[in-house]
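The report below describes selected elements of one chain and the surroundings of its ligand. It is best read with the structure open alongside.

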Amino acid sequence: MKPYVEMTVEELNQELDDLKKEYKKVQAMDMQLNMGRGIPCIDQLDLSMGMMDVLDSSSDLTCEDGTDCRNYGQLTGIQEARELLGDMMENNPKDIIIYGNSSLNVMFDTISRVWTHGVMGSTPWCKLPEVKFLCPVPGYDRHFAITQYFGIKMIPVPMTPTGPDMDIVEKLVSEDDTIKGIWCVPKYSNPSGISYSDETVRRFARLKPAAPDFRIFWDNAYGMHHLYDDHQDYLIEILAECKRAGNPDLVYKFASTSKITFPGSGIAAVATSPNNMVDFVNTLKFQTIGHDKVNQLRHVRFFGDIHGMVEHMRKHAAIIRPKFEMVEETLAKNLNGLDIGTWTSPRGGYFILFDSLPGCAKEIVALMKKAGVIMTPAGATWPYGKDPNDSNIRIAPTYPTLTELKTAMETFTLCVRIASAKKILA
Ligand code: PLP
């Protein structure tokens, strides 16, 4: 097949007729599949069922330091959990606070806190005439939803294959003191799957923001989520790098075990500098007497230590790697040479990013819906849901079975071809 733009109008019309016939057949299959969100599949959830066995009514729920997990206490988490999450996040346990069941919740609470109480004694953001956030795009819709909720103005910054465009980030944060933060998913990013390069991380750590209360919201949600044993992305640890650069307070780092054990029933954590930690704890102590220590202990006893968690993540990879590979193979088989889309090849995380011809993403997602497959809405990866090129589509391969995914991806490439042919003919 030659590129669509090189076809004559007659050839492309013929192609479109053939594709439409194919599409009708797919519609007749009456599929019902939801690929809208990147969630683990049932086989992945089953991997953590052993967590239900490590504690029962005969278990001793006493921590190594004598804390009784059945009672109040340990506001910043039990020591064993801080050590486990410290290894997972590559941070010293003393720089870690263990939270509840969701890192997104902690991110929301963090913005809420600085909104009303500022950052280390700064003016609360709610009292400022304008607050802006940089949003690398495409990015995670739920991050953008939080900043939108607080009325924070979001400024898109383009992603490159090595992370956000740092020339733009450096320029904007150094010139504008109303820019107070940036959302980052530095490893196996949502949705592109790329990881920030060493240079990008080093430049982040050396930012010179005009606003002293500027913070990097470093959401390392996929730190452990490699697809392969032999080729994995490596990320420079940001807290240490900020310290080295003389900017120790610049970053709030978030993570959770959501996509390691059970999403919504895992444990979340923050790692940050001692100064920032004071801010976090000063609010936390009013929010709760302590988080769920039994769940923290359950996680620690289930994994034993970080090696247990690494082994566990290998099992996740064995389940989802064939799905990622199949998505890429199907895209390549059906679209290579047509010049109507590009896609990423992540080594980890939960997503593949597809970039259609400009102006086609909404149409592709709508065609998928009419064929019975729900995708993440086009535009969701941009602030305010507005992708100016209408080209980004997030593919979430983990949840469907391999067979369902195969059918869904064959359908996807069909929809891409239909939307692209129509666009070129228009
Ligand atoms: N951060 C990113 C980048 C995510 O992709 C997700 C879930 O998809 C989350 C956070 C949610 O994490 P949690 O379950 O800890 O709230």
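## Helix H12 and its surroundings

In this predicted model, helix H12, which spans residues 361-370, has as its buried residues Ala-361, Ile-364, Val-365, Leu-367 and Met-368. Viewed down the axis of H12, these buried residues fall within an arc of 160°, so they line one face of the helix.

The cover over the buried residues of H12 includes three strands, E11 (352-356), E12 (373-375) and E13 (392-395), together with helix H13 (402-425). After H12 comes Gly-372, a residue whose phi is positive, near 100°.

## The open sheet

Eight strands make up an open sheet with mixed pairing, and their order across the sheet is E2-E9-E8-E7-E6-E3-E4-E5. The edges are held by strand E2 (96-98) and E5, each of which has a single partner strand, so one side of each is left without a neighbour in the sheet.

## Strand E7 within the sheet

Which residues of E7 are buried on one side of the strand, and which on the other? Arg-215, Phe-217 and Asp-219 lie on one side, while Ile-216 and Trp-218 lie on the other, and all of them are buried, so that both faces of E7 are covered. With five of its five residues buried, E7 is largely enclosed by the rest of the structure. The division between the two sides can be read against a general rule: in a regular strand the side chains alternate between the two faces of the sheet.

On one flank, strand E6 (residues 179-184) runs parallel to E7 (residues 215-219) and is joined to it by four bridges. Within this pairing, Ile-182 has Ile-216 of E7 as its bridge partner, and Cys-184 is partnered in the same way by Trp-218. The elements E6, helix H7 (residues 198-205) and E7 form a right-handed β-α-β unit.

E7 also pairs with strand E8 (residues 251-256), in the parallel sense and over four bridges. Here the bridge partner of Asp-219 is Phe-254 in E8. A right-handed β-α-β unit is made by E7, helix H8 (residues 238-244) and E8.

## From E3 to the edge strand E5

Strands E3 (residues 132-137) and E4 (residues 153-160) run parallel and are joined by six bridges, and Phe-133 stands opposite Met-154 in E4. Between these two strands the chain passes through helix H5 (residues 141-149), in a β-α-β crossover that is right-handed.

The pairing of E4 with strand E5 (residues 163-164) is antiparallel and consists of two bridges. In this pairing Met-159 stands opposite Pro-164 in E5, and the connection from E4 to E5 is a hairpin through two residues.

## Residues around the ligand

Which residues come nearest to the ligand? Of the 14 residues around the ligand, those that come nearest are Ser-102, Ser-103, Leu-104, Ser-256 and Ser-258. Helix H4 (residues 103-117) supplies the largest share of this shell, namely three residues.

By residue class, the shell around the ligand comprises six nonpolar, seven polar and one charged residue.

Conventions. Residues are numbered from 1 along each chain as its sequence is written. This is a predicted model: local features need pLDDT of at least 70, side-chain atom pairs count only at pLDDT 80 or more; totals for chains, interfaces and linings use all residues. Two strands pair if DSSP finds at least two bridges between them. A crossover is right-handed if, with the strands pointing away from the viewer, the path from the first strand over the helix to the second runs clockwise. A residue is buried if 20 or more other C-beta atoms lie within 10 Å of its own, exposed if 12 or fewer, and partly exposed in between; C-beta atoms are placed from the backbone. The arc is that of the directions from the helix axis to the C-beta atoms. Two residues are in contact if their C-beta atoms, placed from the backbone, lie within 7 Å. A residue is near a molecule or strand if its C-beta atom, placed from the backbone, lies within 6 Å of it. Ala, Val, Leu, Ile, Met, Phe, Trp, Tyr, Cys and Pro count as nonpolar, Asp, Glu, Lys and Arg as charged, and the others, Gly among them, as polar.
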